[in-house]
Amino acid sequence: MRRLVLVATTAIAAALAATVGAALSQDGKMSFFVTSVGSGKGADLGGLKGADAHCASLAEAAGVTGKSWAAYLSTSDTDARDRIGKGPWVNAKGVKIADHVASLHSDANGITKQTALNEKGEAVNGRGDTPNRHDVLTGSKPDGTRIADQTCGDWTMSGAEGAAMMGHHDRTGLDDSAAAKSWNSSHASRGGCSQEALKGTGGDGLFYCFATN
């Protein structure tokens with residue numbers, strides 16, 4: 001009897017270990033996420049260097065190591081599409097977002113509210129949720145190139161001046177226009193680059209992170 005209990009206990013332990021191992025393996029493949037939190041200073045992310053470091057910090061805290069991360073952000077002299085590597089990219093659940101840069105910037109990409117997860121594998125609030133957090137900082141046109149004067153001073157401003165172009169991670173807006181459904185170029189912030197201004201239109205200073213390797 002004791003031997004049977006021991007065998008059963010060993011089998012259960014092995015099954016649990018396999019399950020945990022599979023989960024960790026799946027998480028380790030993550031190469032795309034929406035930040036669960038922003039800088040807390042609106043669109044002041046400490047420039048591209050600070051934004052990239054934020055991506056890396058969140059990924060490592062979630063248990064994903066050995067990857068180089070880049071924020072999907074354009075600046076006055078940099079296009080977001082040129083910062084993020086070649087792909088493919090998958091979310092924390094292993095769901096593919098895009099195979100390469102071209103498909104990411106086409107209608108064939110897999111970004112939706114259900115797939116644009118944060119680094120913990122959690123859904124991010126969208127339109128209809130409280131609070132709405134679907135505005136994601138990009139500073140970009142639909143093709144991933146920079147858009148003039150809509151990068152909040154290249155991600156160093158947090159006051160009433162400036163503006164940032166943002167996309168909707170849930171692909172939902174006030175109407176059925178292409179802009180409202182755009183993941184990376186929906187509308188500019190209103191009232192500046194502060195945390196309050198970003199929250200005012202349904203944002204929270206969040207941005208996309210991509211693994212470049």
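**Exercise 1. How do the residues lining the largest pocket divide into nonpolar, polar and charged?**

Before starting, keep in mind that this is a predicted model.

Step 1. Find the pocket: 14 residues line it, and His134, His168, Gly173, Leu174 and His187 are the ones nearest its centre.

Step 2. Sort that lining, and you get 3 nonpolar, 8 polar and 3 charged residues.

Step 3. Add the space inside, which comes to about 220 Å³.

**Exercise 2. Work out which residues line the second largest pocket, and how they divide.**

Step 1. Look up the lining: His105, Ser106, Asp107, Asn109, Pro142, Arg171, Ala178, Ala179, Lys181, Ser182, Trp183 and Asn184.

Step 2. Sort these residues into 4 nonpolar, 5 polar and 3 charged.

Step 3. Note the space here too: about 190 Å³.

**Exercise 3. Check whether the span of α2 agrees with its number of residues, then see what covers this helix.**

Step 1. α2 has 15 residues, so at 1.5 Å a residue it should span 21 Å.

Step 2. Its end C-alpha atoms turn out to be 21 Å apart, so the two values agree.

Step 3. Pick out the buried residues of the helix: Gly47, Leu48, Ala51, Asp52, His54, Cys55, Leu58 and Ala59. Their cover includes β1, β2, α4 and β8.

Step 4. Go just past the helix, and you'll meet Gly63, with a positive phi near 95°.

**Exercise 4. Find the members of the largest nonpolar core that touch the most others, and the element that supplies the largest share.**

Step 1. The core holds 42 residues, and Trp69, Leu73, Leu104, Leu137, Trp155 and Phe207 touch the most other members.

Step 2. Now ask where the core comes from: among the elements that each supply at least two residues are β1, α2, β5 and β8. The largest share belongs to β8, with 6 residues.

Step 3. Zoom in on Phe207. Beyond its neighbours within four places in sequence, Phe207 is in contact with residues including Phe33, Ala51, Cys55, Leu73 and Leu137.

Step 4. Put that in context: nonpolar side chains tend to be buried together in soluble globular proteins.

**Exercise 5. Decide whether Thr138 is buried or exposed, and list some of its contacts.**

Step 1. Locate Thr138 in the loop between β5 and α4.

Step 2. Its relative accessibility is 0%, so Thr138 counts as buried.

Step 3. Leave out neighbours within four places in sequence, and the contacts of Thr138 include Tyr72, Leu73, Trp155, Asn184 and Tyr208.

Step 4. Finally, take Thr151, which is 13 residues from Thr138 along the chain: the C-alpha atoms of the two are separated by 7.6 Å.

Methods
Residues numbered from 1 in each chain as written. Predicted model: local features only at pLDDT ≥ 70, side-chain atom pairs only at ≥ 80, totals over all residues. Heavy atoms only, no water. Core = buried A, V, L, I, M, F, W, Y, C linked by side-chain atoms within 4.5 Å. Buried < 20%, exposed > 50% of the residue type's maximum accessible area, 1.4 Å probe, protein only. Helix = DSSP H or I, 4+ residues; strand = E, 2+ residues; numbered from the N terminus. Contact = heavy atoms within 4.5 Å. 1 Å grid on protein atoms, 1.4 Å probe; cavity = no way out; pocket = protein on both sides within 12 Å on 5 of 7 lines; lining within 4 Å. Points joined across faces, edges and corners; volume = space filled by probe spheres on them. Nonpolar A, V, L, I, M, F, W, Y, C, P; charged D, E, K, R; others polar. Expected span 1.5 Å × (residues − 1).
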